[in-house]
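Let's explore this structure together through a few questions and answers. Take a look at it first, then read on.

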Amino acid sequence: MNAIRFRLNGARLEEGLIPPSTTVLDYIRDHLHLTGTKEGCAEGDCGACTVAILKPGSTRWEAVNSCIMLVPQLDGCAIRTVEGVSGRGPLHPVQKALAEGDGTQCGFCTPGFVMSLFAVHQNGEPTDTETIHDVLAGNLCRCTGYRPIVDACKAATAQSWVEIGDSAVEKGRTNYRRDGHYFIAPSDLPALIAALAENPGARLVGGATDLG
Ligand code: FES
Ligand code: FES
């Protein structure tokens, strides 16, 4: 096949020798020896093989099943496997939340959960319980320990946002809107307070908010 170029865990790779019918799962496990990504069903049902992908031109990370994705589809993408979430550095916030919240049992499914949570965390959007259930719908845990995993997702994402209720932040701060409510990162609070001072009609609805 023609050479394809992509980034894997931050490193540029070029691949031209792999048969195009090779799945991304087989490629990363058997050719790159990154065995943190697991094979469960091998047909897109269990999520054990989940990796995070940033497609060309997109700014949103997606969690995908690498067992049903073929290597040529990686062309131009950035792909992150569980080995690249924190490298040799400190635990990523989603790993820390899973560890501290007892979100793992046998651990076979854990790399897939980490990658689904990693993708949603990278996108920087607040998540409520319903959204978290959607995010994790493709990941099966045969130990059925879902509650601590859902709690870990809340801990790693939702609590880092502050809910506000007026349009003052639309003036250009980092913000996110859902169902008519606005959310802002804590680091932007000083700018928000200044914006509120300029807009007497605006009001701050809440403090740090658990969106669940
Ligand atoms: Fe089950 Fe890929 S191994 S979805
Ligand atoms: Fe998920 Fe056991 S911890 S299958």
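Q: Are Trp61 and Phe118 buried or exposed?
A: In this predicted model, a residue counts as buried when its relative accessible area is under 20%. Trp61 falls in that class, and Phe118 does too. For both residues, the answer is buried.

Q: How many residues apart in sequence are the parts that the pair of Trp61 and Phe118 ties together?
A: These two rings form an edge-to-face aromatic pair, with 5.7 Å from centre to centre and 75 degrees between the planes. Trp61 sits in strand S4 (residues 61-65), while Phe118 belongs to helix H3 (residues 110-122), so the pair joins parts whose separation in sequence is 57 residues.

Q: Which helix supplies the largest share of the largest nonpolar core?
A: This core has 24 residues, and Val114, Met115 and Leu136 touch the most other members. Helices H2 (93-100), H3, H4 (129-136) and H5 (146-156) each give at least two residues to the core. The largest share is seven residues, and they come from H3.

Q: What kind of aromatic pair do Phe6 and Tyr27 form?
A: Both residues are buried: Phe6 has a relative accessible area of 4%, and Tyr27 has a relative accessibility of 1%. Their ring centres are 6.2 Å apart. Planes over 60 degrees apart count as edge-to-face, and the planes of Phe6 and Tyr27 are 70 degrees apart, so this pair is edge-to-face.

Q: How many residues are in the second, separate core?
A: Among the members of this core are Phe6, Leu8, Tyr27 and Leu34. The second core holds 16 residues.

Definitions and conventions:
Residues are numbered from 1 along each chain as its sequence is written. Chains are lettered from A and ligands numbered from 1 in the order in which they are written. This is a predicted model: local features need pLDDT of at least 70, side-chain atom pairs count only at pLDDT 80 or more; totals for chains, interfaces and linings use all residues. Side-chain values use heavy atoms; hydrogens and water are left out. Rings of Phe, Tyr and Trp (its six-membered ring) pair if their centres lie within 6.5 Å; planes under 30 degrees apart count as stacked, over 60 as edge-to-face and the rest as tilted. Buried means under 20% relative accessible area, exposed over 50%, partly exposed in between (1.4 Å probe, protein chains only). Helices (H or I, at least four residues) and strands (E, at least two) are DSSP runs, numbered from the N terminus. A nonpolar core is a set of buried Ala, Val, Leu, Ile, Met, Phe, Trp, Tyr and Cys residues joined through side-chain atoms within 4.5 Å.
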